[in-house]
Amino acid sequence: MGYRRKHTATGRAVDRVPIAKLQNLGVASSRWLAEVGIRTRGDLARVGPVLAYKLVREREPKANRTLLWCLFAALQDRCCLDVTAAEKRHLLTELERLQ
């Protein structure tokens, strides 16, 4: 499952958007992501939501699967509540492959 990459007239300006400005991601999740080197939408897109979640989870046991859904949805400018059961299964399968 991929994500839509948005482009602007200036190229990849959207990739420079700070994580805290993305839908679904608040202060705590932005801090956790920064601690693993993910500070912008572009960083998240390069790493991918599954690896980003895994990196955060290794450092922050409070992070739960909702963060994974939020990361996935943030790259698509979607609400995390709109992530389908099939998408969640796919994300969990990817996560298992990384374990």
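Biologist: Is asparagine 24 buried, partly exposed or exposed in this structure?

Modeller: In this predicted model, asparagine 24 lies in the segment before H1. Its relative accessible area is 24%. Buried would require a value under 20%, and exposed a value over 50%. Asparagine 24 is therefore partly exposed.

Biologist: What is the phi of asparagine 24?

Modeller: Most residues other than glycine have a negative phi. Asparagine 24 has a positive value in a residue other than glycine. Its phi is near 85°.

Biologist: Which other residue, in the loop between H4 and H5, has a positive phi without being a glycine?

Modeller: The loop between H4 and H5 holds a residue with a relative accessible area of 33%, which is partly exposed. The phi of this residue is near 55°, a positive value. The residue is aspartate 77.

Biologist: Which residue that follows H1 has a positive phi?

Modeller: The phi in question is near 90°. The residue concerned is glycine 37.

Biologist: How many helices and strands does the protein chain contain?

Modeller: Read along the sequence, the chain follows the pattern α-α-α-α-α. Of its 99 residues, 42% count as buried. The secondary structure comes to five helices and zero strands.

Biologist: Where around the axis of H1 do its buried residues lie?

Modeller: Helix H1 covers residues 27-35, and its buried residues are Ser29, Ser30, Trp32 and Leu33. They cover an arc of only 160° around the axis, so they lie on the same side of H1.

Biologist: Which helices do the buried residues of H1 pack against?

Modeller: The residues to be considered are Ser29, Ser30, Trp32 and Leu33. Their packing partners span 49-59 and 65-74. These partners are helix H3 and helix H4.

Biologist: At what angle do H3 and H4 pack, and how far apart are their axes?

Modeller: Two packed helices are described by the angle between their axes and the distance between the axes. The crossing of H3 and H4 is right-handed. The angle is about 145°, and the axes are 9 Å apart.

Biologist: How many nonpolar, polar and charged residues make the contact of H3 with H4?

Modeller: H3 and H4 pack with their axes 9 Å apart. H3 contributes Pro49, Val50, Ala52, Tyr53 and Val56, while H4 contributes Arg65, Leu67, Leu68, Leu71 and Phe72. The residues divide into nine nonpolar, no polar and one charged.

Biologist: Is leucine 91 buried or exposed?

Modeller: Leucine 91 has its place in helix H5, residues 85-98. Its relative accessibility is 2%. Since buried means under 20%, leucine 91 counts as buried.

Biologist: Which residues are in contact with leucine 91, leaving aside its neighbours within four places in sequence?

Modeller: One of the partners is leucine 68, 23 residues apart from leucine 91 along the chain. The C-alpha atoms of this pair are separated by 7.9 Å. The full set is Pro49, Val50, Leu68, Trp69 and Phe72.

Biologist: Over which residues does pLDDT stay under 50?

Modeller: The mean pLDDT of the protein chain is 90, and 89% of its residues reach 70 or more. Where pLDDT is low, the predicted coordinates should not be read in detail. The model has 23 contacts beyond four places in sequence for the stretch in question. That stretch is residues 1-11.

Definitions and conventions. Residues are numbered from 1 along each chain as its sequence is written. This is a predicted model: local features need pLDDT of at least 70, side-chain atom pairs count only at pLDDT 80 or more; totals for chains, interfaces and linings use all residues. Side-chain values use heavy atoms; hydrogens and water are left out. pLDDT is the predictor's confidence in each residue, from 0 to 100. Contact means heavy atoms within 4.5 Å. Helices (H or I, at least four residues) and strands (E, at least two) are DSSP runs, numbered from the N terminus. Buried means under 20% relative accessible area, exposed over 50%, partly exposed in between (1.4 Å probe, protein chains only). The arc is that of the directions from the helix axis to the C-beta atoms. Axes are lines fitted to C-alpha atoms, for helices over the stretch in contact, and angles run from 0 to 180 degrees between N-to-C directions. A crossing is left-handed if the near helix is turned anticlockwise from the far one by less than a right angle, and right-handed if clockwise. Ala, Val, Leu, Ile, Met, Phe, Trp, Tyr, Cys and Pro count as nonpolar, Asp, Glu, Lys and Arg as charged, and the others, Gly among them, as polar.
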